[in-house]
Structure formats: structure tokens, C-alpha cells
Amino acid sequence: MPSDLPDLHALELLVAVAETGSLSQAAARFAISQPSASARMMTLERRLGVELLLRTTRGSRLTPAGLVVTDWARGVLESAAAFVEGTAALRSRQEGRLRVGASLTVAEHLVPGWLLALRESAPHLHVGLEVSNSRKVIEGLRHDALDVGFVEGPCIPRDLRSTVVGRDRLLVVVTPDHPWARRHDPVAGGELAATALVLREPGSGTRETLEAALEPYGGLAAPLLELGAIAPLRSAASSGVGPAVLSAMAVQDDLAEGRLVSVPTEEGLRLDRVLQAVWPRGRSLPAAASQLLALACRRPGRRSSGRLPSGS
């Protein structure tokens, strides 16, 4: 950028001299002293290398070059004003929209209630919701495609900030006629790890939580079936394809209506998980995202065993 660019305030003062006919009156318009105004004009002249004012004992007036520069200054000031107004309008449009990403479980069972509450307080806000797995939500935040995300995974990358908005538990579920539905002893971690299961796809928070829980037991066996959405996964489980591991929120209706049965697991198997809001470090949350986050923390979701506690 050129070092001799003029100060906009000095250009405003120059235009004021042309309009009032006097440096002292121009100084009064901007509530500055005449010596300060004179110093500002001399700095402008040095920067431009052009004499702008003819100074006499009776005052100051514009030189012919000063008249030309003043005309140019008006154009510069008009462009600067248009720039400020345009960026303000752009900011206003951006503040009027919110880009939210949510993993499937959170999107299906929690986000609708949060957005409904947000709409009550911000009826003109446009919200775009992208539903995908936790890994894709994180990538959307990193590429500035989302303002805030909600994920289920056990580990949050260090380049993101997070806060807990709820808690959930994964359940092992089978059909009522499955042998596991009649067992009295809980399923051990090693047994679950060795069993072919109906699972969510890699990258989902549900899958990552289960992988972390079964890592001490040698990790997951080859899946019986992998699906990228909750509804077909529930359908496969209730059709008797095999044991499935799903969020308690996702299967609460199936459990209540008897389509699926929850199988107890050994106490040491860590299938509880936190639901978290995430956003990039070093980037301020937009006002609408902060408002949504506050609502999420005040309105945690429900699971089959009762109301989820919120985190801070």
C-alpha cells in the first residue's frame, strides 16, 4: 500500500475549507482548534507534495491546485462512505443468518426444539442446518462453512472450543426374540467386541464412542452391517438383522413399543457420552450462535431414562 495515501479526516477538513471559505470555520465544524487544523493541512500538503492553501495575514484560501485536489477529495470521501455503508449492510445480512451443523442424533432429537425456541426470540433469523456425522461437522467448521456445530464424539480436536449441552448413553438393542433379550447376565466388553454388530458408519459420534469403549477389548469385530443414517439402522435392528448399538434417544420409542429390547452391559463398559457444541478457536461466535448455544445449555434433550443434565 502506498505510504503517501492521505488521511480521510484531512480530506474532510480540506472540503470543509472549500465550503466555508475559511480554515477557522472548517476547524469549528469539526470541533478542533485552528492550530490543530493548520497542522493537519500542512501534514496533508507534505504527504501529497502539493501546496493546497495560500496563507496570508487575512486568513487562508485554496490554491488552484487545492481546488482540483478538493474535487478529487469529494470523490474519495463519497467512495469511502459507500464502502462503510456497504460493509455495514453486508454485516447486517451475515448477522441475519446462522449456519449450524449437527450430527444425526443431535439433529433429529435436540436441534429442532432449540431452533424453535430461537425462532421465538429471533423470528427474522435465517437458519441453515446441515445434518451429517460428527467428523463432517468438524470439517465444516474448519472450512468456515458453519458457524457452530453439535457433535457426539468422545474427543474434540484441539483447534476447536467446546461446551457440553447434554448427555446420552449408547444402548445395545436386539429384537425380543433374540437370545440376548432373555439373558440375565450383562454382556461383557470382550463379548460385545467379538460380536458382529449393526453399526453407524465410521466418523459418526456413535461409532467413535463405541470404538473407544471397546478398544481395551481388542476393538470392534467386522460389522454385520454399516449404515449412514439412524432410521434404516433402527429398521435393520427391529427386523432382526442382528444386535445394534444406538443412542438411547434414538430408540426410546422402539423400546417403549416393544420392537426392541435393551440388553444390559457390564458396568465397566463406558457407553455414556457427552453431547457438545463446538466452534473454532480464535473465532468469535456470532451473536445468533451464542444465543442458540445458551438455549441448548438451558434446554437439554431427553433420553429414555429421563431429562438429560446440561453442562457448562
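I take contact to mean heavy atoms within 4.5 Å. The model I consulted is a predicted one.

**Entry 1. Helix α10**

I began with helix α10, residues 230–238, and looked up its buried residues: Ile-230, Leu-233, Ala-236 and Ala-237. They span an arc of only 125° around the axis, so they lie on the same side of α10. I noted the general rule that an α-helix has 3.6 residues a turn, so residues three or four places apart point the same way. I then asked which elements the buried residues of α10 pack against. I found two helices' worth of residues, α5 (104–109) and α11 (248–256), together with the strands β7 (198–200), β8 (225–227) and β9 (244–247). After α10 comes Gly-240, and I recorded its phi as positive, near 90°.

**Entry 2. Arg-234**

I stayed with helix α10 to look up Arg-234, which belongs to this helix. Is Arg-234 buried or partly exposed? Its relative accessibility is 25%, and I therefore entered Arg-234 as partly exposed. Setting aside residues up to four places away in sequence, I listed its contacts as Leu-246, Ala-250, Val-251, Asp-254 and Arg-259. I also looked up a long separation: the C-alpha atoms of Arg-234 and Gly-59 are 87 Å from each other, with their positions 175 residues apart along the chain.

**Entry 3. Helices α6 and α12**

I next examined helix α6 (residues 111–121) against helix α12 (residues 287–298). Their axes come within 9 Å and cross at roughly 125°. Angles of 65 to 115 degrees would count as roughly perpendicular and those over 145 as roughly antiparallel; α6 and α12 are therefore oblique to each other. I recorded the crossing as right-handed. On the α6 side, the contact is made by Trp-114, Leu-115, Ala-117, Leu-118 and Ser-121. On the α12 side, I listed Ala-288, Gln-291, Leu-292, Leu-295 and Ala-296. How many residues of each class does this contact have? I entered eight nonpolar and two polar residues, with no charged ones.

**Entry 4. Helices α1 and α3**

For a second helix pair I turned to α1 (residues 8–20) and α3 (residues 34–48). These pack at an angle of about 110°, and their axes are 10 Å apart. The angle makes α1 roughly perpendicular to α3. I noted that this crossing is left-handed. From α1, the residues in contact are His-9, Ala-10, Leu-11, Leu-13 and Leu-14. They meet Ala-37, Arg-40, Met-41 and Leu-44 of α3. By class, I recorded seven nonpolar residues, one polar and one charged in the contact of α1 with α3.

**Entry 5. Positive phi outside glycine**

I reminded myself that most residues other than glycine have a negative phi. I then looked up two exceptions. Ala-31 is not a glycine, yet its phi is positive, about 60°. I located Ala-31 in the loop between α2 (23–29) and α3. With a relative accessible area of 70%, Ala-31 is exposed.

Asp-144, likewise no glycine, has a positive phi of about 60°. I found Asp-144 in the loop between α7 (134–142) and β5 (148–151). Its relative accessible area is 43%, and I entered Asp-144 as partly exposed.

**Entry 6. Helix α9 and the loop after it**

How many of the ten residues of helix α9 (residues 205–214) are buried? I recorded seven, and the helix is mostly covered. The buried residues of α9 are Gly-205, Thr-206, Arg-207, Thr-209, Leu-210, Ala-213 and Leu-214.

I went on to Gly-218, which sits in the loop between α9 and β8. Gly-218 is exposed, at a relative accessible area of 69%. I noted 30 Å between the C-alpha atoms of Gly-218 and Ala-277, which are 59 residues apart along the chain.

**Entry 7. Arg-97**

My last look-up was Arg-97, placed in strand β3 (residues 97–103). I entered Arg-97 as partly exposed, its relative accessibility being 38%. Where does Arg-97 lie in space with respect to Val-127? The two are 30 residues apart in sequence, and I recorded 5.6 Å from C-alpha to C-alpha. Leaving out residues up to four places away in sequence, I found that Arg-97 touches Leu-125, His-126 and Asp-147.

Methods. Residues numbered from 1 in each chain as written. Predicted model: local features only at pLDDT ≥ 70, side-chain atom pairs only at ≥ 80, totals over all residues. Heavy atoms only, no water. Axes fitted to C-alpha atoms, helices over the stretch in contact; angles between N-to-C directions. Helix = DSSP H or I, 4+ residues; strand = E, 2+ residues; numbered from the N terminus. Parallel < 35°, antiparallel > 145°, perpendicular 65-115°, else oblique. Left-handed = near helix turned anticlockwise from the far one by under 90°. Nonpolar A, V, L, I, M, F, W, Y, C, P; charged D, E, K, R; others polar. Buried < 20%, exposed > 50% of the residue type's maximum accessible area, 1.4 Å probe, protein only. Arc of directions from axis to C-beta.
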